[in-house]
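Student: I should like to take a close look at a single part of this model. Please treat the matter in one connected account.

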Amino acid sequence: MLEIKNLHASVEDKKILNGVNLKVNPGEVHAIMGPNGSGKSTLAAVIAGKEDFEVKKGSISLDGEDLEELAPEERAHRGIFMSFQYPVEIPGVTVTNFLKTAINESRKARGLEDMPANQMLKLIREKSEMLEIDRKFLSRSLNDGFSGGEKKRNEIFQMAMMEPKLAILDETDSGLDIDALRIVANGVNKLRSNENAIVVITHYQRLLEYIVPDYVHVLFDGKIVKSGTKELALELEEKGYDWIKQEEVV
Amino acid sequence: MDLSDKLISSFLAFESNVNVNTPVHEIRSEAIRNFERKGFPSKKQEAWKYTSLNSLQKTDFSIFPKGEQTLEYKDVKRYFLHEIDTYKIVFIDGVYSSYLSETTHDGVDVCLMSSALTKPMYKQVIELYFNKVASREESLTNLNTAFSKEGAYIYIPKNKAPRKPIQILHLATGNEAALMLQPRNLIIVEENAEVQIIERHQSLTTNEVFTNAVTEIFAAKDARVDYYKVQNDNASATLIDNTYIDQKGNSNVSVHTFSFGGKLTRNNLNFYQRGERIESTLKGVTILGEKQHVDHHTLVHHAEPNCESHQDYKGIFGEKSTGVFNGKIIVDQIAQKTNAFQQNNNVLISDQATVNTKPQLEIFADDVKCSHGCTIGQLDEEAMFYLQTRGIPRKEASALLMYAFANNVLESVRIPELKTRINKLIANKLGVSLGFEL
């Protein structure tokens, strides 16, 4: 589904990704771990199409289609979703109106009519219940004054609404207490299927106890230096990232 | 002959049509002398640095409209907030239209300034209030005072509130090639009384209209006044709005100014707090394009302790439009525990648009909270990216962000139907087709 080949990316001439290779198949959950500054969030942003980053070499493709020339919204229309580490606050637009706009714009791009209002409301109700989101929350301004946990829950709620093919969760666990983490992880698990894939980006192993990955990759200095199964995450937790750094040197 | 000379010489003709043996006329006579001495403000004055009235002064405006014009309600319905029942005071080319209006004397007075200025029953109130808060220095206010004769007169007695909001609508038919209007409004809200007012100036053709309006508002102890100014006029209309508000203890007055149109609009909005625990709210949304110009000059004078003022002005400027915000806050030495907040945020969506914004704080008390912030910028790229990753294309994302930016000011609008109407005007003005119903 997602295929990243020898990806090099920089921001303002500073190299951040130095040849990332990654293949994600439908039904899989991949975790990308790594120390601060290793390029994890950059990788997520580059896949989502952020224009601040310049792809110098290599390619990203989704279902065989090269994404390079596609704007972020076009990538979204093809089924890519990114949950933000720091979701942006937008006072003046309610969660509900934002979702309606997002869903109908995506439908429009696929040549579909707007979703009928009653169907939209039903969908919103269903998904918000799944994430234990209070009804009042829906009429609040998007992320405006939300707690860290509410913001993350709202990200996963949007993911549930958009039903992406490929979801990239960038540090979804940061700023969450254990209860919020459980709710968010349960939400993500309910969305797992044989048709979609999830890439979890995280610094800590904690989230992976709840969202169990099929593969774990370690990103270091802009490259994937080690790949393995979920046991690798435990090993990392135990030995710390210094272990990887030392191995690199050797 | 330039406009200033024409106005001064017209004063004699004006006098032949009013009763000159009244205290009001003494005020008018003094005002025309003040105007004669000062003339129109020029760009040399700091307060008018960015707003030029030069071309206006060269235009040959009719000062006294010829005869009465009539309009059918269906042709002007859209300029009313017609979704709800309201009292209406409507003027066509400066002349009262009883046909389009709905006034009342049922417990409250919602009627005409011309009656209030001439009928004996209002004599006492007029002597107490007329020109008591309006400036005697500002030359355009003097000019209006000199010719003050018609406008809205609203009197809400103690503990009363009219059954419904009041609309003041000024329509210009274009019957004259260039018309000058000088409406004068007087609004008195007595102790613990309440009123909601919506005001709009609308010209119906592309003929030039120059309106120099003065509104005096008196809010007595515990009174509540919400005033909404809808400025969405044609590109040939100039509006100088001079609003003066006198607030007594515990009163709450809000003025919302929605500036979406007109060629040149200048809002001089002045709040004078004369009591304790007063709340003053000044909010504005300005969305301009073409070569439109809007200049907001606000003044809040905190003269007593324990009062608050909240100012929030948002502007979106496209094409070659220009905006000015000058927010002056004075806190007297005695006015301890004042909370004064001021915010002016602007977004430029064109390389050729300009904004000049300036907070002006004069604080003489030491135990106060005053904050101010002015920003001029483009749309937040991080927010754009966020919306795009949710499948919203760049153009729609930028419209949505601008809509959100402006819309945020509307939260304090207390008439839901008006809020919806303004929402729609904003969406329209931004050319947004939003994916949701407003």
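In chain B, what is the order of the strands in the open sheet of 10 strands, and which kind of pairing does the sheet have?

Tutor: The model is a predicted one, and what follows should be read in that light. The open sheet in chain B is built from 10 strands in the order 2-1-5-8-10-12-14-16-18-20, and its pairing is mixed. Its edges are formed by strand 2 (95-96) and strand 20 (369-377) of chain B, each of which pairs on one side only.

Three pairings within this sheet may be followed in detail. Strand 5 (residues 166-172) and strand 8 (residues 194-203) of chain B run parallel and are joined by 7 bridges. Within this pairing, B:Leu171 has B:Gln202, in strand 8 of chain B, as its bridge partner. Elsewhere in the order, strand 16 of chain B is joined to strand 18 of chain B by 10 bridges, and these two strands also run parallel. Here B:Phe317 is found opposite B:Leu348 of strand 18 of chain B. Strand 18 of chain B pairs in turn with strand 20 of chain B, in the parallel sense and over 9 bridges; in this case B:Val347 faces B:Gly377 of strand 20 of chain B. In general terms, the strands of a sheet pair through backbone hydrogen bonds, in either a parallel or an antiparallel manner.

Helices are packed on the sheet as well. Returning to strand 5 and strand 8 of chain B, which are joined by 7 bridges, one may go on to the helices that touch the sheet. Helix 9 of chain B packs on it and touches strand 14 (279-288), strand 16 (308-317) and strand 18 (339-348) of chain B. The direction of helix 9 of chain B makes about 155 degrees with that of strand 16 of chain B. Helix 10 (residues 416-429) of chain B likewise packs on the sheet, where it touches strand 8, strand 10 (224-231), strand 12 (252-259) and strand 14 of chain B. The direction of helix 10 of chain B makes about 30 degrees with that of strand 14 of chain B. Strand 14 of chain B is thus touched by helix 9 and by helix 10 of chain B.

The setting of the sheet is a chain with 10 helices and 20 strands. Chain B has 438 residues, for which a compact globule would have a radius of gyration near 22 Å; the value for chain B is 21 Å, which agrees. Its C-alpha trace spans about 70 × 50 × 45 Å along the principal axes. Of the 438 residues in chain B, 51% are buried. Among the contacts in chain B that link residues at least 6 apart in sequence, 82% are between residues at least 24 apart.

Helix 9 of chain B also leads to the contact with chain A. That contact takes 20 residues from chain B and 24 residues from chain A. On the side of chain B, the elements that give two or more residues are helix 8 (381-389) and helix 9 (394-407). This side of chain B consists of 10 nonpolar, 6 polar and 4 charged residues. Helix 9 of chain B therefore has a place both on the sheet and in the contact with chain A.

Chain A, the partner, has 8 helices and 12 strands, and 45% of its 250 residues count as buried. It too has an open sheet with mixed pairing, formed by 6 strands in the order 6-9-10-3-11-12. Strand 6 (80-83) and strand 12 (223-228) of chain A are at the edges with a single partner strand each, so one side of each has no neighbour in the sheet. From one strand to the next, the twist averages 20 degrees. Strand 3 (residues 29-33) and strand 11 (residues 215-220) of chain A pair in the parallel sense over 4 bridges, and A:His30 is opposite A:Tyr215 in strand 11 of chain A. Helix 7 (residues 230-239) of chain A lies across strand 3, strand 11 and strand 12 of chain A, at about 45 degrees to strand 11 of chain A.

How values were computed:
Residues are numbered from 1 along each chain as its sequence is written. Chains are lettered from A and ligands numbered from 1 in the order in which they are written. This is a predicted model: local features need pLDDT of at least 70, side-chain atom pairs count only at pLDDT 80 or more; totals for chains, interfaces and linings use all residues. Two strands pair if DSSP finds at least two bridges between them. Axes are lines fitted to C-alpha atoms, for helices over the stretch in contact, and angles run from 0 to 180 degrees between N-to-C directions. Two residues are in contact if their C-beta atoms, placed from the backbone, lie within 7 Å. Ala, Val, Leu, Ile, Met, Phe, Trp, Tyr, Cys and Pro count as nonpolar, Asp, Glu, Lys and Arg as charged, and the others, Gly among them, as polar. A residue is buried if 20 or more other C-beta atoms lie within 10 Å of its own, exposed if 12 or fewer, and partly exposed in between; C-beta atoms are placed from the backbone. The radius of gyration is taken over C-alpha atoms; the globule rule is 2.2 Å times the number of residues to the power 0.38.
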